[in-house]
Amino acid sequence: MPAPLADTRILDLSTGSVGGIATMILADFGAEVVKVEPPGGDPWRSAAAAPMWLRGKRSVELDISTERERLDDLIREADVVVSTDSPAQARSRGLSYDDVRALNDSVIFCSITGFGPNGPYAEYPAYDGVVSAKSGRMMAFAGQRLREGPGFAAVPVGSHGASQGAVQGILAALLERERCGRGQIVETSLLQGLMPFDLLQLLLTQLSERDPETYPQLFNIGGGMPTLNYHPVMTRDGGWIQLGNLLEHLFYAFMDAADLTLLFAEEQWQGSQAEWTPEAVEAMRDRILERMQDKTSEEWMEIFRAQGNVAAEPFTPTHDAVDNLDMAANGDVVTLDDSVLGPVKQLGPIAHLRETPAEISRPAPAVGEANGFSWRLRNGAAPLTTAPNGAVPTGKPLDGVTILEFATIIATPIGVSMLADLGARVIKVEPIGGDPFREMGGGPLRGLLASKTNAAKESICIDLKLEAGQAIVAELITQADAIVHNYRPGVPERLGIGYETASALRPGIVWVSANGYGPDSPGARRPSAHPIPGAVMGGALYQAGSAMPPAGCETIEEIREASRQLMRANEANPDPNTGVLVASATLLGLVAQRRYGVGQEIYVNMLTANAYANSDDFLHYNGKPPRRQVDGELHGTAPWYRLYESAEGWVFFAALTDAEWSAFCTEAAPELSAARDGDEAVLTKQLANVFSQRPAPEWERCLTAVGVGCVQADAAGSGEFFTHDPHVLQNGFNPIANHRRLGEIRRWGPLTKLSGGRDDYGPGVLAGQETDEILAEIGRAPEDIERLRSEGIVWSEPVELQ
């Protein structure tokens, strides 16, 4: 069967990795991608990961100032055009959406920018560090190192999110083009790409302003010692292992594997962890840290793997993670022979589609390799299109699609919420008592975290261990287009939602499984949680900086401090990193379903998702440049990509190109114009002296005015930024929704926006909020619903917290 995007024509006008990864994914799944490059090629071809994100494409070298007609010919026949121009750049080059639409009314135009299409930051340089600093993300790492000021945000999660936002928007727009016959603009940005990674602060900021006594503002949640469930531990050989046993039964499995269960006989450790005194928790922490030093890292990992129910992996740098055995067995790594570099071992597809798999075979092209290219003839009409019929894009391209979600905690639920933002009807099927994530946080935070992961859905709570509960779900499946779950293998079958059962009830259903390791790996049945891929795919060590882990720790206090810093570094980003792939993979399945009438199993795993977030270093080839490491005090990776303390406040400075460096020196430091190629330590001191002479807001005003990335990094935390910043408000990135318990709030905006827009993004829902309505919809009478409730088969949480 053809790939989902076979015969789809993508014209890639982007530069760099954000657009490059998006169009690479489209090429992996069958699209014909033509990359238009300026004379000499994409200026980011020198990046270490370019051989990966250029794969599967054809290169046309073209000077648009003198060869515009050649470009226009390609635009006229394209299905999709992808651009990373800023709004002003697009207008000045005659390549805005209006310009492109004038040539091709059915084209889907995907714009990827740094900060969105409007507002005071629209022309700021689109670097991940600039966007992270301006939006308050670097304030989340304040205190990771024992110094004042924000901490550098190392893993480029905004770029990762924006790449997947582009993929999702393009796929959704293709589906909508079949309905209305018209193209549209798809807009995403690095700023929108960061939104999935703020799990609480936007909401908490509003609540704390409304009721500061009940909701204290917490800028660094988790800033102290790790929980016992999520704990880095040092082993006898000086190695470090990340534990990720979030749920109680997994923690007990770890204690059993570590031969520590006899400790539970002592009075201070009776009952659940929630009942232990703070002193008992710290005493247990020391016992665990001491016990882990009895064996080497590999000896412990053999025990944990054999036990089968312990979430644990060693801390590994990304360049070594390329050889991960689970990824290799699962087919998540491929090798392509490059004509210049030789074998290039690199990331495979974002997901495994059993009926319409990715086809990765063509290495990166040379610059201009396809000069003179013309689109190849198609056997029929363009895919997923129809003659214009008067209908227009609605901003809800997935309207009419029904998705059943059987998922808990963060990664999968947040991905499915992105599909709800695109207009899909998402029915979240939860266990009695609700998704366990709803109870996490404690105190006034209870239930707040789940508001983000359950946005825009409907919820019904059903006991799937009962035959009557499975009968209800079977009726829901007959009306669904897709199922998305995050159970380990074997569990869906026991609960009556396995692929064979679901496809018999609803032929053609898309069935998406998201878990830790993938179905064909040795770890397929092992549990996972966000710190696990964070550690083993290298993101945590990258964020920790070059001072971590220390060469050796001689005392428990030293181990405790190192574990604190490693856990701060191994923050929650691996979950949203996975969620964005869940959404993209589901859309690929929906495209194949619409085009070919086929349903299929689709598998997404957390290792691959986090390898994509670290894709700048996830490849091997001879001569590959090493990844620049973050300095030991967490300022940045180079003198020209770094945090500096100013006369008042902190700035993040980014001048990666010759033109940017020249503009900076002309404006601020003429004496440094020739210093960029000298000693980096000396240059860092010189720049620190320069930035110490003016306050941060002044630096931002004068340098961004000349096109240099320089922003104040400590003006606000992410919650205050996303709640109040005029740029966010002007772009509509925090729409208002009406939450049943919390009332009117501003919620996180969508990862990608499409033509037509929408102003009705849904709030987070309570557990079982629509239980009665959904049961009535499938024909249950009121007396039947009451019986189901009384028998404990269905449930809803009360609006008021108990």
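Rings of Phe, Tyr and Trp, the last taken by its six-membered ring, count as a pair if their centres lie within 6.5 Å. In this predicted model, Phe-251, Tyr-252, Phe-254, Phe-264, Trp-276, Trp-300 and Phe-304 come together in one aromatic cluster. Across the whole structure, a search turns up 26 aromatic pairs. One of these is formed by Tyr-97 and Phe-109, a tilted pair with 5.9 Å from centre to centre and 40° between the planes. This pair joins distant parts of the chain, with Tyr-97 in helix H5 and Phe-109 in strand S5, twelve residues apart. Tyr-97 and Phe-109 are both buried. A further pair, Tyr-641 and Phe-652, is edge-to-face, because the ring planes stand at 85° with the centres 4.9 Å apart. Here strand S21 supplies Tyr-641 and strand S22 supplies Phe-652, eleven residues apart. Tyr-641 counts as buried at 14% relative accessibility, and Phe-652 is buried at 0%.

Two members of the aromatic cluster, Phe-251 and Phe-254, also take part in a helix contact. The axes of helix H10 (residues 248-257) and helix H11 (residues 278-292) come within 11 Å and cross at roughly 45°, which means that H10 is oblique to H11. The crossing is left-handed. Phe-251, Phe-254 and Met-255 of H10 meet Met-284, Ile-288 and Met-292 of H11. The residues of this contact comprise six nonpolar, no polar and no charged.

Turning to helix H24, which spans residues 606-613, Ala-611 lies within this helix. Ala-611 counts as buried because its relative accessibility is 0%. Beyond residues up to four places away in sequence, Ala-611 touches Met-327, Leu-347, Met-537 and Phe-618. The C-alpha atoms of Ala-611 and Asp-256 are separated by 31 Å, with their positions 355 residues apart along the chain.

How values were computed: Residues are numbered from 1 along each chain as its sequence is written. This is a predicted model: local features need pLDDT of at least 70, side-chain atom pairs count only at pLDDT 80 or more; totals for chains, interfaces and linings use all residues. Side-chain values use heavy atoms; hydrogens and water are left out. Helices (H or I, at least four residues) and strands (E, at least two) are DSSP runs, numbered from the N terminus. Buried means under 20% relative accessible area, exposed over 50%, partly exposed in between (1.4 Å probe, protein chains only). Contact means heavy atoms within 4.5 Å. Axes are lines fitted to C-alpha atoms, for helices over the stretch in contact, and angles run from 0 to 180 degrees between N-to-C directions. Angles under 35 degrees count as roughly parallel, over 145 as roughly antiparallel, 65 to 115 as roughly perpendicular and the rest as oblique. A crossing is left-handed if the near helix is turned anticlockwise from the far one by less than a right angle, and right-handed if clockwise. Ala, Val, Leu, Ile, Met, Phe, Trp, Tyr, Cys and Pro count as nonpolar, Asp, Glu, Lys and Arg as charged, and the others, Gly among them, as polar. Rings of Phe, Tyr and Trp (its six-membered ring) pair if their centres lie within 6.5 Å; planes under 30 degrees apart count as stacked, over 60 as edge-to-face and the rest as tilted.
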